[in-house]
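Q: I have a model open and would like to learn how to read it, one feature at a time. Can we start with a single residue and work outwards?

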Amino acid sequence: MLAMLALIYWQTVVYATQQTDETIDAEITGLAEQYRQRGLAGLVAVINERSKPERGSSMLYLLTDQRQNPLAGNLSRWPDLEVQADGWMRFQLSDDGRRKGGPHIAQATSFVLAGGVQLLVGRDLSEVTAFRNRIVAALASSGALMLVLGLIGGIVLSRRALARIETINRTSDRIMAGEFGRRIPLKGSGDEFDRLAQNLNAMLDQIERLMAGMRQVTDNIAHDLRSPLGRLRSRIEVALIEPPSTERYREVLQQTIGEADHLLATFTALLDIAEAEAGSPRGQMVPLDLASFARDLADLYEPVAEEKGLRLTIETGPGPIEIRGDRHMLSRAIANLVENAVKYTPAGGTIAVKVAGDGGMARLTVADDGPGIPAEERERVFDRFYRLEASRTTEGNGLGLSLARAVVRLHGGTITLEDNGPGLVAVVSLPLAPEAG
Amino acid sequence: MKLLVVEDDREAAAFLVKGLRESGHTVDHAADGREGLVLATTERFDAIILDRMLPGMDGLAIVAALRASDNATPVLILSALDQVDDRVRGLKAGGDDYLTKPYAFSELMARLEALLRRGAGGKTETKLKVGELEIDLLARTVRRGSTEIELLPREFRLLEYLARNAGHVVTRTMLLEQVWDYHFDPQTNVIDVHISRLRQKIDKGFAKPMLHTVRGAGYCLKAA
């Protein structure tokens, strides 16, 4: 602020001083012109004209003969000149009543003309000085005002900021105390604090959604693992109640192993989903040709499809489709899509696996002409353990699509189910490897 | 065969030792990593079954220590960690195979026996012979007796793996890993269908089958 005031002072005062210099210079040029054209008489006339008090000018003139007796002008006598460092001369001007105030400083320059005639042209600096004093006063008072206002404003602003932070603190305390639904109030001003509060609220919403999801998953796990565990237990119990029979025991134990394997497979799938959703093993991402990857998978599943009376076709185009991925995780994910198609398409149908690359994305589609999935269910089937009513009786754990989506997302891609009219098409989009054209 | 089991879980160890002894092996048991390493370096074993998580020492450190001292005893790593990179880390440390807990005992036996065969080494050949079945690995042709058998590339790979382990059980998981390089449990009977197609080609029209299904375990290729 001080620097700004200094700048204002410097700009205005120096400008005023320069004005003075320039005015005197201009005056001299004018007088010299008159003198050249009309001689001494003309000069006297002009000076007399310009010195008239009613002109109210702050210009000073004095023309004298060689003994310094005044010939024309508005000064009573040749002043005692003091030469300044800047080349101008200064002298004390005693007021003769025409001007207000006490003695003040004037700035002048002088010449000796032909015949010893001397000319002095100057300017009363009282106005400039007064102007400078006014500027200093104005700057000082405005500076003081700014200081006071700034202090008050600063105190008010910091108190308001602290109050808003305190609001955030209080809200987080209450959330920690268990009021999870509570959010930080917004002022609606759209300032930084509002934006901070919005972000924190959005974060809390996100956490709440994730918690709800987790709770849902835990409930599902509890439910979906309880029933097979219950079956397993009652089967063993019944076997023990029945009359002892080695043959029967063997049979029950075989079934129990099958049931346990099924449970283990469910656990593995859940852990794999959790791992893919945590998004950790990016280290395993290596360059991968999606076309040959799809051909390998089709090769694995072609016989089982044919066994069911289905036709499995693969279409990849000639060149490789380079992506970055984890082959093991992707193979599990895509195998689930193919297995679903194999499971749900009735005999005589066709399953078409296609791979194409366009616009920076690789597209892998698994299309069938089976019963399809109603539009309103196409998102829900990605939820863990969610199974369509129609498929409850089919073998499966309701985790395949959840796993597929988690893995594809881990690869930065998307997976959707669409209508194949008739049938279903699973569309997987994965980003192409950057170096691929 | 003389085996070393390094496993800290007493019940799991007892079950494993019992199963292996019943299959006719001699089994030593170490309950922690240090004891395991001492036994493994001071005595000769045909194979070591090693739990990954051990008190006192990481199982992988034991494998690394063995390999560093030029001990090439086949090691089968058991682990509750089933992520692919855990598997990769286990194999990189010098393990010969990696099995995730909980496992089926039949799976462990099949893998262990495959390891023991590998450890036994053998002649380097370009032909595999199982009874009257002859596989030419260079020309990629198969004959049974005097009959030439046409196989698709994947069928050839499948038969090759079965022939390399002729007379022994190979599990579906082993086939999926070794022939297709996939590490997941298919929900459909993909492997069975591949096997039945192969069986169509090598057994159909012959008096005695060579490719057998071992109930609850896997498959076995034997001389007719």
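Q: Beyond its neighbours within four places in sequence, which residues is A:Leu310 in contact with?
A: Two residues are in contact if their C-beta atoms, placed from the backbone, lie within 7 Å. In this predicted model, A:Leu310 is in contact with A:Ala305, A:Val342, A:Thr345, A:Ala347, A:Gly349, A:Thr350 and A:Ile351, leaving aside neighbours within four places in sequence. Take A:Thr345: it sits 35 residues from A:Leu310 along the chain, yet their C-alpha atoms are separated by 7.8 Å.

Q: Hang on, what do the numbering and the "predicted" part involve?
A: Residues are numbered from 1 along each chain as its sequence is written, while chains are lettered from A and ligands numbered from 1 in the order in which they are written. As this is a predicted model, local features need pLDDT of at least 70 and side-chain atom pairs count only at pLDDT 80 or more, whereas totals for chains, interfaces and linings use all residues.

Q: Back to A:Leu310, then. Where is its place in chain A, and why does it count as buried?
A: For location, we go by helices (H or I, at least four residues) and strands (E, at least two), which are DSSP runs numbered from the N terminus. A:Leu310 is in the loop between H5 and strand S8 (311-315) of chain A. For burial, count other C-beta atoms within 10 Å of the residue's own, all placed from the backbone: 20 or more is buried, 12 or fewer is exposed, and in between is partly exposed. A:Leu310 counts as buried because it has 22 C-beta neighbours inside 10 Å.

Q: How many residues of strand S6 of chain A are buried?
A: Six of the seven residues in S6(A) (residues 118-124) are, so the strand is largely enclosed by the rest of the structure. Now look at its partners; two strands pair if DSSP finds at least two bridges between them. Strand S1 (residues 59-64) of chain A pairs with S6(A) in the antiparallel sense over six bridges, and strand S5 (residues 104-112) of chain A does so over seven bridges, also antiparallel. A:Leu120 shows both pairings: A:Leu62 has it as bridge partner, and so does A:Ser110. The hairpin of S5(A) and S6(A) has five residues between the strands, and there A:Gly115 takes a positive phi near 80 degrees.

Q: How do I describe two packed helices?
A: Two packed helices are described by the angle between their axes and the distance between the axes. The axes are lines fitted to C-alpha atoms, for helices over the stretch in contact, and angles run from 0 to 180 degrees between N-to-C directions. Helix H1 (residues 2-51) and helix H2 (residues 126-176) of chain A pack at about 170 degrees, with axes 10 Å apart. That makes H1(A) roughly antiparallel to H2(A) (angles under 35 degrees count as roughly parallel, over 145 as roughly antiparallel, 65 to 115 as roughly perpendicular and the rest as oblique). Residues making the contact include A:Leu5 and A:Ile8 of H1(A) and A:Val128 and A:Phe131 of H2(A).

Q: What about sheets in chain B? What is the strand order in the one with five strands?
A: That open sheet runs S2-S1-S3-S4-S5 (chain B), with parallel pairing. Its edge strands, each pairing on one side only, are S2 (26-30) and S5 (97-100) of chain B. The twist averages 20 degrees from one strand to the next. Strand S1 (residues 2-6) of chain B and S2(B) share five bridges in the parallel sense, with B:Val6 opposite B:Ala30. Helix H1 (residues 10-22) of chain B lies across S1, S2 and strand S3 (47-51) of chain B, at about 165 degrees to S2(B).

Q: And which sense of pairing does the sheet of three strands have?
A: Antiparallel, in the order S10-S12-S11 (chain B), and the sheet is open. S11(B) and strand S12 (residues 218-221) of chain B pair over four bridges, and B:His212 stands opposite B:Cys220 in S12(B).

Q: How many residues does each chain give to the contact between chains?
A: Chain A gives 21 residues and chain B gives 19. On the chain A side, the elements giving two or more residues are helices H4 (246-278), H5 (290-307) and H6 (327-344) of chain A. The predictor gives the complex an ipTM of 0.79 and a pTM of 0.63.
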